[in-house]
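User: Please give a close account of one part of this model, beginning with the contacts of a single residue and working inward from there. Kindly state the cut-offs behind each term as you use it.

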Amino acid sequence: MAKRVHQPREDAEFDFILGMSEVPVLAYFTGTWPKAIEPCRAMDLVVGGIADEYTGRLTVVRTDITRCPAATERYGITGAPSYVLLKEGEAVARGTGLVTAAEVREFLGPN
C-alpha cells in the first residue's frame with residue numbers, strides 16, 4: 001500500500017481525515033471476510049498507484065469496513081471492494097468490485 005494512502009483505525013479518524021482534506025477524497029472500502037480478501041488485495045495495488053499518481057490532487061483513504069462501521073453505513077457500502085468519490089464531504093460517485101487503474105481514473109473524472 002502506498003505511503004500516501006490513509007488507513008483510519010476507527011470512524012472518528014476517518015471523519016477527521018475527510019474534514020482535513022482540501023481536495024476530493026477517494027474512500028476505498030475493504031473487507032476481511034474470505035470472498036473479499038483477494039479482490040481487496042488486488043485493489044490495494046491499484047489504489048496505491050492512484051494515490052501516488054494523484055498526489056496533491058486527491059486524498060485516498062483505505063477504510064476497513066469492520067473498523068469504520070458508521071462510515072460504511074453512511075455511504076451505503078454493501079460489499080468490498082467498494083469506493084466512493086467525495087467532494088466537500090458529499091458522495092458524487094460510487095463503484096464496487098475489482099477494477100483497473102484506467103477505470104479508476106475514468107471514475108475520478110478530469111482533473
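Analyst: Contacts and packing

Setting aside residues up to four places away in sequence, Arg4 touches Ala51, Asp52, Thr55 and Val60, where contact means heavy atoms within 4.5 Å. The model is a predicted one, in which local features need pLDDT of at least 70 and side-chain atom pairs count only at pLDDT 80 or more, while totals for chains, interfaces and linings use all residues. Residues are numbered from 1 along each chain as its sequence is written, and side-chain values use heavy atoms, with hydrogens and water left out.

Arg4 lies in the segment before strand E1; helices (H or I, at least four residues) and strands (E, at least two) are DSSP runs numbered from the N terminus. With a relative accessible area of 46%, Arg4 is partly exposed, a class that falls between buried (under 20%) and exposed (over 50%), computed with a 1.4 Å probe on protein chains only. Its C-alpha atom is separated by 24 Å from that of Gly79, 75 residues apart along the chain.

Val60, one of the contacts of Arg4, leads into the sheet. In E1, Val5 stands opposite Val60 in E3. Strands E1 and E3 (residues 59-64) run parallel and are joined by two bridges; two strands pair if DSSP finds at least two bridges between them. Leu26 also stands opposite Val60 in E3. E2 and E3 pair in the parallel sense over six bridges. Between E2 and E3 the chain passes through helix H2 (residues 34-53), and this β-α-β crossover is right-handed: with the strands pointing away from the viewer, the path from the first strand over the helix to the second runs clockwise.

The whole sheet is open, has five strands in the order E1-E3-E2-E4-E5, and shows mixed pairing. Strands E1 (5-6) and E5 (90-96) stand at its edges with a single partner strand each, so one side of each is left without a neighbour in the sheet.

What covers E3? Six of its six residues are buried. On one side these are Thr59, Val61 and Thr63, and on the other Val60, Arg62 and Asp64, so that both faces of the strand are covered. Thr63, found in E3, counts as buried because its relative accessibility is 0%. Beyond four places in sequence, Thr63 touches Pro8, Phe14, Tyr28, Phe29, Thr30 and Cys68.

Two helices can be placed against the strands. Helix H1 (residues 11-20) lies across E1, E2 (25-30), E3 and E4 (82-87), running at about 170° to E3; axes are lines fitted to C-alpha atoms, for helices over the stretch in contact, and angles run from 0 to 180 degrees between N-to-C directions. Helix H4 (residues 101-108) lies across E2, E4 and E5, at about 30° to E4.

H2, which forms the crossover from E2 to E3, has buried residues Ala36, Cys40, Met43, Asp44, Val46, Val47, Gly48, Ile50 and Ala51. Ala51 is also among the contacts of Arg4. The buried residues of H2 are covered by elements including E1, E2, E3, E4 and H4. At 1.5 Å a residue, the 20 residues of H2 should span 28 Å, and its end C-alpha atoms are 30 Å apart, which agrees; the expected span is 1.5 Å times one less than the number of residues.

These elements meet in the largest nonpolar core, which has 34 residues, those with the most contacts inside it being Phe14, Phe29 and Leu108. Such a core is a set of buried Ala, Val, Leu, Ile, Met, Phe, Trp, Tyr and Cys residues joined through side-chain atoms within 4.5 Å. H1, E2, H2, E3, E4 and H4 each supply at least two residues of this core, and H2 gives the most, with seven. Leaving aside neighbours within four places in sequence, Phe14 is in contact with Pro8, Ala27, Phe29, Val61, Thr63, Cys68, Ala71, Arg74 and Tyr75. Phe14 thus reaches both Val61 and Thr63, which belong to one covered side of E3.
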